[in-house]
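Reader: Hey, I'm new to this one. Can you put it up and walk me through it?

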Amino acid sequence: MVFTFSRGLLVTRKAPELIVPERPTPREVKQISDIDDQESLRFQIPLLFFYKNDPSPSMQGRDPVKVIREAISKALVFYYPLAGRLKEGYNRKLMVECNAEGVLFIEADANFTLEQLGDDIQPPCPYLNQLIYDVPGSEGILGCPLLLIQVTRLTCGGFIFAIRFNHTMCDAFGLVQFLKAIEDMARGERSPTLFPIWQRQILNARNPPQVTCIHHEYDEINTNEVPSDNMAHKSFFFSLKGIKALRNQLPFQLKDCSTFELLLAFLWKCRTIALKLQPEEIAKVCCIVNVRGKSYEMDIPPGYYGNAFTFSAVCSKAEQLCKNPIGYAVELVKKAKAQMNEEYIRSAADLMVIKGRRIKFSTRGNFIVSDLRNVGLGDVDFGWGKPIYAGTAGAVAVISFFTKYQNKNGEPGILVPICLPQSAMERLQEELKGLMIQGSVKDLCNINQTQIFSKL
């Protein structure tokens, strides 16, 4: 099958195949956690990795498609649940049938170089459907492959690695752990450097479940949903110099806030203005908080590759958020993050069970942000060096992602894809431009790519 881009760029792909574990693996049924199988995570998400032709001496002359295909098969011996299929049990409980059916893999070739793509490597990538073909029947949650991978060779010797994963099986940290296992196998290791750990019961609900915290992240807001047609999808690059200028606007007691808290609060305010919510309407922002490590005493072992995060939500009346200085939003975000503790996480898992996993975050007036800067996506090296860009292919509805990025001038910063109705996106751009023209946050951001979708 041949796909034609604009400018005469072509991608030719072979028929999809299933890659199975190299050796026999246990045939069993494993439950995923009560954090994993919530309704809000029942979707698939694509990521793209762009590699130059810069192999280590041991990889000279080797084919990235062949190397990666074989490495996946070897890695699946250790991550064999990823080669299985999800099914649903009592109370919509998800479990994976470890049957070694395999993951989908597509081999492809392009007639262009990495350089020819230019800025199109950053989200929203206009060629996503060509760089990771949506195999018919593969996009579901139940009974479908849990991973879809496409490797596209480029004429310059570089290649593009694209992967779509079922979010109920792992989060970004878990996915990177699997990708690093593929990296280990590609380099000739016999086992992964970090051995995978299942133990999904760690994040299961208590018996009996009891909701002890207020979970605004799942509040139902009685307003109309954001329309899903005529959506604009753009990326915004925020320079470190500009972020520093923004920080200078904060009162002294808030200047120690993290870059994530600052930029999240700023975007939440600007986005709410752009959406033109009614003064008394509730605007909500949710940040995704990783619960690995010692901070939360959850005893999540190294090697755990399930979803180990929860949403920390904060709400404000739209009028207060839009009219107050940026420090107002920063303070709300800091308080929301400070409330996160083990009890909050346990309460969220209990809520999933009590509600039959049917509740999910709202979309109207809501903004969800995941910080992927320190997940390790940019460190995945199959033998051809680190990617020049690694991250999500774009925003997913109301979910945006913070990714490390260097602009054309080599200036480091943060790239944020955002999806909004076209009219709201135009207002968001004007809001950001207005701030820059005022000089208060000069050079804060550059507006990058645009792509209009008829539907998300």
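Author: Sure. One term before we start: a residue is called buried when its relative accessible area is under 20%, and exposed when that area is over 50%, with partly exposed in between. Also keep in mind that this is a predicted model.

Reader: OK, let's try that out on A100. Buried or exposed?

Author: A100 has a relative accessible area of 16%, so with the cut-off for buried at under 20%, A100 counts as buried.

Reader: And where is A100?

Author: A100 sits in the loop between strand 7 and strand 8. Its backbone is worth a look too: phi of A100 is near 60°, a positive value in a residue other than glycine.

Reader: Why point that out?

Author: Because most residues other than glycine have a negative phi.

Reader: What about R357, what is its phi?

Author: Phi of R357 is near 65°, again a positive value in a residue other than glycine. R357 lies in the loop between helix 9 and strand 14. With a relative accessible area of 3%, R357 is buried.

Reader: Which side chain does R357 meet in a salt bridge?

Author: That of D34, with 2.8 Å from N to O. D34 is buried as well, just as R357 is.

Reader: How many residues apart in sequence are the parts that this pair ties together?

Author: They are 323 residues apart in sequence, because D34 is in the loop between strand 4 and strand 5 (44-51), while R357 is in the loop between helix 9 and strand 14 (366-371).

Reader: Nice. How many salt bridges are found in the whole structure?

Author: A search of the whole structure turns up 33 salt bridges. The general idea is that side chains of opposite charge can pair when their charged atoms come close.

Reader: Show me another. What does E101 pair with?

Author: E101 forms a salt bridge with R85, and their closest N and O atoms are 3.5 Å apart. This pair links distant parts of the chain, with E101 in the loop between strand 7 and strand 8 (103-110) and R85 in strand 6, 16 residues apart. E101 is partly exposed at a relative accessible area of 41%, whereas R85 is buried at 6%.

Reader: Which residue forms a salt bridge with R187?

Author: E183, and there the closest N and O atoms are 3.9 Å apart. R187 counts as partly exposed because its relative accessibility is 41%; E183, at 10%, counts as buried.

Reader: Which residues are linked in a network of salt bridges?

Author: K14, E17, D63, R69, E107, D109 and R153 are linked that way.

Reader: Switching topic: you mentioned strand 6. What order do the strands have in the open sheet of three?

Author: The order is 4-7-6, and the pairing is antiparallel. Strand 4 (28-31) and strand 6 (85-88) each have a single partner strand, so they stand at the edges and one side of each has no neighbour in the sheet. On average, neighbouring strands of this sheet are turned by 35° against each other, ignoring direction.

Reader: How many bridges pair strand 6 and strand 7?

Author: Four bridges, in the antiparallel sense, with strand 7 covering residues 94-98. You can spot E88 opposite L94 in strand 7.

Reader: What about the nonpolar part? Which residues in the largest core touch the most other members?

Author: That core has 69 residues, and F49, I72, F161, I163, F178, L179 and F382 touch the most other members. Apart from it lies another core, of 57 residues, among them F238, L262, Y304 and L420.

Reader: What is I163 in contact with?

Author: Leaving aside neighbours within four places in sequence, the contacts of I163 include I45, F49, I132, L148, L175 and L179.

Reader: And back in helix 9, where R346 is: buried or exposed?

Author: R346 counts as buried, because its relative accessibility is 17%. Helix 9 spans residues 342-354, and residues up to four places away aside, R346 touches I202, L203, N204, R206 and M298.

Reader: Last one: where are the cis peptide bonds at P124 and P208?

Author: One joins P123 and P124, with omega about -5°, and P124 lies in the loop between helix 2 (114-117) and helix 3 (128-131). Another runs from N207 to P208, with omega near 0°. P208 lies in the loop between helix 4 (172-186) and strand 11 (229-239).

Methods. Residues are numbered from 1 along each chain as its sequence is written. This is a predicted model: local features need pLDDT of at least 70, side-chain atom pairs count only at pLDDT 80 or more; totals for chains, interfaces and linings use all residues. Side-chain values use heavy atoms; hydrogens and water are left out. Helices (H or I, at least four residues) and strands (E, at least two) are DSSP runs, numbered from the N terminus. Buried means under 20% relative accessible area, exposed over 50%, partly exposed in between (1.4 Å probe, protein chains only). Contact means heavy atoms within 4.5 Å. Two strands pair if DSSP finds at least two bridges between them. Axes are lines fitted to C-alpha atoms, for helices over the stretch in contact, and angles run from 0 to 180 degrees between N-to-C directions. A nonpolar core is a set of buried Ala, Val, Leu, Ile, Met, Phe, Trp, Tyr and Cys residues joined through side-chain atoms within 4.5 Å. A salt bridge is a side-chain nitrogen of Lys or Arg within 4 Å of a carboxyl oxygen of Asp or Glu.
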